[in-house]
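Colleague: I should like to go through this model with you, one point at a time. Please explain the reasoning behind each reply.

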Amino acid sequence: KKGDLIAKHNHPEALVLFSVVKGKVQVFLNETEEHVLVPGQVLEFNGDNYIQATLVEDSEFVVNLIHKPE
């Protein structure tokens with residue numbers, strides 16, 4: 001729902017694909033790099049980075065974690 005927060009966290013074991021399906025999501029990587037994503041946009045990043053997000057509108061998104069090769 002609009003205003004919901006995703007607390008700062010990371011996924012060091014993975015490469016991350018963050019895809020917005022509906023609405024608008026404000027994403028911060030490492031608390032400084034801002035991305036405002038809308039449907040059809042995908043944010044790809046190394047899971048070593050910390051992500052924090054706020055739902056600007058009622059939104060739906062999909063997060064894919066792709067395990068890094070050892």
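Colleague: Which residue in strand 6 does I6 stand opposite?

Modeller: Please bear in mind that the model is predicted. Strand 1 and strand 6 (residues 51-55) run antiparallel and are joined by three bridges. H9 stands opposite I51 in strand 6. The residue of strand 6 that stands opposite I6 is A53.

Colleague: What is the order of the four strands in the open sheet?

Modeller: Strands of a sheet pair through backbone hydrogen bonds, either parallel or antiparallel. Here the pairing is antiparallel, and the four strands form an open sheet with the order 1-6-3-4. Strand 1 (5-9) and strand 4 (33-37) each pair on one side only, and the edge strands are therefore strand 1 and strand 4. From one strand to the next, the twist averages 15 degrees.

Colleague: Which residue is the bridge partner of F28 in strand 6?

Modeller: Strand 3 and strand 6 run antiparallel, with five bridges joining them. Within strand 6, the partner of F28 is Q52.

Colleague: Which side chains of strand 6 are buried?

Modeller: In a regular strand the side chains alternate between the two faces of the sheet. Along strand 6 this alternation is present: Q52 and T54 point to one face and are not buried. The side chains that point to the other face and are buried are I51, A53 and L55.

Colleague: How many residues does the largest nonpolar core have?

Modeller: In soluble globular proteins, nonpolar side chains tend to be buried together. Strand 2 (14-22), strand 3 (25-29), strand 5 (42-46) and strand 6 each supply at least two residues of the largest core. Its members include V16, F18, V25, L37, F45 and I51, and the total number of residues is 12.

Colleague: Which residues of strand 6 does V25 touch, among its contacts beyond four places in sequence?

Modeller: V25 is one of the residues of the largest nonpolar core. Beyond four places in sequence, V25 touches F18, V20, H35, V36 and L37, among others. Strand 6 covers residues 51-55, and the contacts of V25 there are A53, T54 and L55.

Colleague: Does S19 count as buried or exposed?

Modeller: S19 is found in strand 2. Leaving aside neighbours within four places in sequence, S19 is in contact with Q41, V42, E60, F61 and V62. Its relative accessibility is 18%. Because the cut-off is under 20%, S19 counts as buried.

How values were computed: Residues are numbered from 1 along each chain as its sequence is written. This is a predicted model: local features need pLDDT of at least 70, side-chain atom pairs count only at pLDDT 80 or more; totals for chains, interfaces and linings use all residues. Side-chain values use heavy atoms; hydrogens and water are left out. Two strands pair if DSSP finds at least two bridges between them. Axes are lines fitted to C-alpha atoms, for helices over the stretch in contact, and angles run from 0 to 180 degrees between N-to-C directions. A nonpolar core is a set of buried Ala, Val, Leu, Ile, Met, Phe, Trp, Tyr and Cys residues joined through side-chain atoms within 4.5 Å. Buried means under 20% relative accessible area, exposed over 50%, partly exposed in between (1.4 Å probe, protein chains only). Contact means heavy atoms within 4.5 Å.
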